[in-house]
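Subject: Structure handover

Hello,

Here is the structure I promised to pass on. Please open it first, then read my notes below.

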Amino acid sequence: MGLMYRKAKVKLTYREEKPEVYKLRQLTYPAVTYDQLLGMIQIVGVNKAQTKAVVDALLQSLVHYMELGHGVSLGTFGSFKPTFNSKTVKTLDGLEGDEALKTVKVKKIQFFPGGDFKDMLKALSMNSAGEAIDVKE
């Protein structure tokens, strides 16, 4: 099925002149639950509890290494890397002691897709879901 979208007329409310522009808006679907995912990855001779144990161990290992500051590669699936964004300060003194940590705006995990993901994205179809909609941003 691929990604579904609608054409949207958008009013840019953050701009004074509030121009109307047009863009594609993605339709979202409910997330696949952990149980559904476990059900899909079971292999012959391995039951759901064993599959869950392996997946849980993998996830705990990912968290452990990223808590230590390491990036983690999952082969052709891709890599995860802990990182952060920080504010700028006018002087180097603003980055001393506890003041330095106050400049951190957000901590996040970056995902870098591997070959399998990149191939899937190249082949992913885009399909219209119908009529245009009005949206305010």
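pLDDT is the predictor's confidence in each residue, from 0 to 100. You need that scale here, as this is a predicted model.

Confidence first. The mean pLDDT of the protein chain is 85. A value of 70 or more is reached by 93% of the residues. Where is confidence highest, and where is it lowest? Strand β3, residues 72-73, is at the top with 94. Strand β7, residues 133-136, is at the bottom with a mean of 66. As a general caution, predicted coordinates should not be read in detail where pLDDT is low.

Next, the fold. The protein chain holds 4 helices and 7 strands. Their order along the sequence is β-β-α-α-β-β-α-β-α-β-β.

Now the overall dimensions. The C-alpha trace spans about 65 × 55 × 25 Å along its principal axes. The radius of gyration of the protein chain is 22 Å. For a compact globule of 137 residues, a value near 14 Å would be expected.

Burial and surface come next. Of the 137 residues in the protein chain, 12% are buried. The accessible surface amounts to about 11,000 Å². Carbon and sulfur atoms supply 58% of that surface.

Then the contacts. Take those in the protein chain with a separation of 6 or more. Residues 24 or more positions apart make up 47% of them.

One local feature deserves a look. Which residues form a nonpolar patch on the surface? They are V32, L37, M40 and I41. Together they have about 420 Å² of accessible area.

I followed one member of that patch, I41, in detail. I41 sits in helix α1, which covers residues 34-41. Is I41 buried, exposed or partly exposed? Its relative accessibility is 38%. Buried means under 20% and exposed means over 50%, with partly exposed in between. I41 therefore counts as partly exposed.

What does I41 touch, leaving aside its neighbours within four places in sequence? I41 is in contact with T51 and V55. T51 is 10 residues away from I41 along the chain. The C-alpha atoms of I41 and T51 are separated by 7.5 Å.

To find these spots on your screen, start at helix α1, residues 34-41. Pick out I41 there, then look for its contacts T51 and V55. After that, show V32, L37 and M40 to complete the patch with I41.

Best wishes

Key: Residues numbered from 1 in each chain as written. Predicted model: local features only at pLDDT ≥ 70, side-chain atom pairs only at ≥ 80, totals over all residues. Heavy atoms only, no water. Patch = residues over 30% accessible without salt bridge, like charges linked within 9 Å, V, L, I, M, F, W, Y side chains within 5 Å. Areas by Shrake-Rupley, 256 points an atom, 1.4 Å probe, with all protein chains shown as cover. Salt bridge = Lys/Arg side-chain N within 4 Å of Asp/Glu carboxyl O. Helix = DSSP H or I, 4+ residues; strand = E, 2+ residues; numbered from the N terminus. Buried < 20%, exposed > 50% of the residue type's maximum accessible area, 1.4 Å probe, protein only. Rg over C-alpha atoms; globule rule 2.2 N^0.38 Å. Contact = heavy atoms within 4.5 Å.
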